[in-house]
Amino acid sequence: MKQVFDLKDFKETGVSWPFKLQNISNIDLEHEYFEFQKKAKEKLNHAISLKPNLLSTLFDSMVFDTEVVRVVKAVLGDDIYAWSSAFFPKEPKNNKIVSYHQDNPYWQLSTSNVVSIWIALTKSDKKSGALEVVPHSSKLGLINDLDVKNPRESYLKGEKTTDENDMLSYKQNLQDFIKKNKPLHVELSPGEFSVHHVNTVHGSGPNISNNHRIGFAIRYISSDTIHLVEKNDSAIHVCGKKNTFLEHEERPKISFSAEAIKEYQKAMNSAGAFGNKIYTK
C-alpha cells in the first residue's frame with residue numbers, strides 16, 4: 001500500500017495507486033451501494049448513477065475523505081471543487097465495458113487541472129473488469145476528437161454513438177493508440193482508490209467473474225476551472241478559494257432527506273451530470 005503520494009512520478013505517468021480511504025472502516029461498501037440504490041428506487045423511482053454523494057452522507061464522506069483530499073491537493077493545490085461523481089457498476093458475467101478514452105474532450109473544461117479518484121466498492125481486478133490505464137498518456141494532449149461536435153449538447157439530447165454495452169456515450173476511436181500502448185490493470189481491494197489525470201487514456205473490459213465490480217469515481221477540479229459551454233454550472237466546494245462561476249452544491253446532512261433530494265435534482269442540470277445519464281438500471 002502506498003503511503004506517500006509521489007507528485008513527480010504522477011506528473012510523469014498521470015496515474016497512481018493504490019491508496020486507502022481513511023474515514024471508512026469496517027463498512028461493507030458493496031452492501032451500502034445496494035442499500036443506496038434500493039433507497040433511490042423507493043424515493044426517486046430509479047437507480048442513481050451521477051452525483052450520488054448529494055443524496056448519501058456515506059458517499060459524501062468519501063468526497064471529503066482525508067486521504068483522498070490529501071492526494072488531490074498534492075496535484076491541484078489547495079483550491080478544489082468536486083465537479084462530478086458517478087457509480088460504474090458491472091454485474092457478474094456481464095459484457096459492459098468502458099471503451100478507451102481521455103476524459104478531457106467529453107468534459108469541456110477550461111483547464112487540465114482536473115483529476116479523477118476511482119474508489120473500489122468491491123474487489124476490482126483483471127477478471128472483474130478493473131480500470132485500465134496507459135501511463136504517460138496524460139502528456140500527449142488530446143489524441144483524437146470525439147465523433148460528436150458538442151458533447152454537452154449531445155448529453156442533453158440523450159445521444160449515444162457507442163455500442164450498447166459501452167458505458168461511454170461517444171467514440172474517441174483510440175484503437176490504434178491502444179495497439180501501440182498496452183494498458184495496465186489498476187487492481188484494487190474494497191476501500192482502495194487510484195488517481196488519474198484528465199488526459200490519461202483509460203477504460204475497462206467486461207466482468208467475467210462471479211462477483212459484482214462496482215467503482216465510485218469522483219472528479220475534482222481546481223477552483224479556477226470552469227465549463228466552456230455550460231454557463232450555469234454547479235459543484236461542491238471542497239477547500240480553499242471559491243469560484244464565482246460555480247453555484248455551490250450543498251452536502252447532505254441526512255441521507256435522502258427532502259433537502260438532499262431537492263439539491264440532487266437541481267444539480268442534475270449541471271454539466272457534471274452529463275444530461276443525467278444512467279450507467280446502471
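Start on the outer side of helix H8: Ala258, Glu259 and Lys262 are exposed (over 50% relative accessible area, 1.4 Å probe, protein chains only), on the face turned away from the helix's buried side. This is a predicted model, in which local features need pLDDT of at least 70, side-chain atom pairs count only at 80 or more, and totals for chains, interfaces and linings use all residues. Residues are numbered from 1 along each chain as its sequence is written, and side-chain values use heavy atoms, without hydrogens and water.

Now turn H8 over. The helix spans residues 258-267. Ala260, Ile261, Glu263, Tyr264 and Ala267 are buried (under 20% relative accessible area). Seen down the axis, the buried residues of H8 fall within an arc of 160 degrees, so they line one face of the helix. That arc is taken from the directions from the helix axis to the C-beta atoms. What do these buried residues pack against? Their partners are helix H2 (29-44), strand E10 (234-239) and strand E11 (247-248).

Step back to the whole protein. It has eight helices and eleven strands, which are DSSP runs (H or I, at least four residues; E, at least two) numbered from the N terminus. The radius of gyration, over C-alpha atoms, is 17 Å, close to the 19 Å of the globule rule (2.2 Å times the number of residues to the power 0.38) for 281 residues, so the protein is as compact as a globular protein of that length. Its C-alpha atoms fill a box of roughly 50 × 45 × 40 Å along the principal axes. Buried residues make up 57% of the 281.

Key: Contact means heavy atoms within 4.5 Å.
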